[in-house]
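Ready for some practice in reading a protein model? Grab a pencil and work through the exercises below.

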Amino acid sequence: MSVKPTQNQALVSRILTFSCVDGPGNRLVVFLQGCNFDCITCHNPHTINHCTHCGDCVKSCPSDALSIHTQKNDQQRVIWHADKCTHCDRCIDVCPDKSNPKIVRYSVDEMLALIRKHHFFLNGITISGGEATLQLPFILSLFKAIKSDPELAHLTCFIDSNGSLSRTGWERVSPYLDGAMIDLKAWQSDTHLWLVGRDKHRVIDTIDYLATQNKLHEVRLLHIPGKSDLDTEVDAVGDYLKTLPEGVKIRLNAFQHHGVIGEALTWEKCSESEMNRFHELLFSKINRPMQLPTVYT
Ligand code: SF4
Ligand code: SF4
C-alpha cells in the first residue's frame with residue numbers, strides 16, 4: 001500500500017532548518033517525497049517514489065529502527081523508529097523502488113510550529129523535493145497560513161521545482177509565492193525526454209510564466225559533458241536566456257557522481273575546467289553573470 005499526501009498534510013523526506021543555498025538568505029528547507037521526473041542523473045533517487053511498504057529494507061537495518069506492522073485490513077506497513085535510527089542510510093541503499101522508509105507526515109500546523117520555532121533566524125522557507133509541486137494543496141495551505149500570520153508574514157515563500165507544474169497550478173500558488181528556482185536540464189525535447197523521462201514544454205512554459213509574474217528567482221542549467229545538449233545548442237539556449245528579465249539568476253550545475261545510481265555512474269563527471277569552458281562559451285552569447293559551482297567531487 002502506498003501512502004498518499006493529503007490537502008493539509010505533506011509527506012516529508014527531510015527538513016533543513018538552516019540553508020543558505022536554497023534561495024536568498026537563511027532558509028528553512030522542506031524536501032517533499034515523490035517526483036514525476038525520473039532523471040538518469042538524480043542525486044537523490046530515493047526521493048522519487050512513495051514507499052510501497054514491501055518490507056525489503058527492514059532486515060537491512062543494523063539498529064532495529066524499522067519494523068513491519070500488519071494493519072486491521074491485513075495490509076502491512078513499515079514503521080520507522082526515529083529514536084533508534086543512526087541515519088546510516090542502508091535502508092535507502094537496498095530499496096528496490098527508489099524510496100525511503102523514513103518519510104514523515106507533517107500537518108500544516110506542525111510545519112508552522114517548526115517554522116515558528118526558528119523564524120527569528122530565517123529570511124524565508126523553501127519547499128523542495130522530490131518535486132515539491134506534486135503536493136501543491138499542502139504548499140498552498142502552508143504559504144497562505146504564513147502570509148496571514150503576523151509573526152511569520154516577513155518570511156519569503158519559495159519553491160524549488162523541476163518546472164512540470166501546469167500554468168493553472170502556478171496561477172493558484174502565485175499570489176502567495178515570492179520566488180521559484182527552476183531546473184532546465186536539456187534543450188532539445190528528445191534529449192530532455194531521454195534524461196528526465198518527460199519533454200521540456202512544461203518547463204519552458206513555467207519559466208516564461210514565472211518570469212512575467214516577476215516570480216522567477218533562478219534558472220539552473222545542468223551540464224553533462226558529451227551527454228546534455230546545452231553545450232551543442234548554446235546559440236539557442238543563449239537566445240532564450242537573453243529573453244529573461246535581468247534580475248533572474250542563472251546557475252550552472254556540473255554533473256557529479258554523488259548520490260547517482262545506474263548507468264550515469266559510468267558517465268564522465270563535469271570537471272572545473274570543463275565547466276569554465278562551458279561558462280565562457282555561454283557568457284560570450286548572453287553577457288550576463290552566472291553562478292558557477294563551488295565544489296567539484
Ligand atoms: S523504503 Fe523501499 S524497501 Fe523499504 S518498505 Fe518502502 S519500498 Fe520497500
Ligand atoms: S538509516 Fe536508520 S532506519 Fe535506515 S538502515 Fe540506517 S538506522 Fe536503519
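Here are four exercises, each with a worked solution.

Before starting, note that this is a predicted model, where local features need pLDDT of at least 70, side-chain atom pairs count only at pLDDT 80 or more, and totals for chains, interfaces and linings use all residues. Residues are numbered from 1 along each chain as its sequence is written, chains are lettered from A and ligands numbered from 1 in the order in which they are written, and side-chain values use heavy atoms, with hydrogens and water left out.

**Exercise 1.** Find the residues that surround ligand 2 and sort the shell by class.

*Solution.* Start with the neighbours: 14 residues surround ligand 2 (a residue is near if one of its heavy atoms lies within 4 Å). The closest are C61, C85, C88, D89 and C91. Next, sort the shell: eight residues are nonpolar, three polar and three charged. Here Ala, Val, Leu, Ile, Met, Phe, Trp, Tyr, Cys and Pro count as nonpolar, Asp, Glu, Lys and Arg as charged, and the others, Gly among them, as polar.

**Exercise 2.** Do the job again for ligand 1.

*Solution.* Look around ligand 1 and you'll find 13 residues, with C51, C54, G55, C57 and C95 the closest. Then split the shell around ligand 1: seven nonpolar, four polar and two charged.

**Exercise 3.** Is S99 buried or exposed, and which backbone oxygen does its side chain reach?

*Solution.* First, locate S99: it's in the loop between α1 (90–94) and β5 (104–107). (Helices, H or I, of at least four residues and strands, E, of at least two are DSSP runs, numbered from the N terminus.) Second, check the relative accessible area of S99, which is 1%, so S99 is buried. The cut-offs are under 20% for buried, over 50% for exposed and partly exposed in between, using a 1.4 Å probe and protein chains only. Third, follow the side chain of S99 to the backbone oxygen of N49, at 2.9 Å.

**Exercise 4.** Hunt for backbone oddities at D64, H87 and the bond between G129 and G130.

*Solution.* Keep the background in mind: most residues other than glycine have a negative phi, and most peptide bonds are trans. Now take D64, where phi is positive, near 60°. D64 lies in the loop between β2 (27–32) and β3 (66–70), and at 52% relative accessible area it is exposed. H87 also has a positive phi near 60°; you'll find H87 in the loop between β4 and α1. Finally, G129 and G130 are joined by a cis peptide bond, with omega about 20°.

Key:
Polar contact = N/O pair within 3.5 Å; in protein donor to acceptor, adjacent residues only side chain to side chain.
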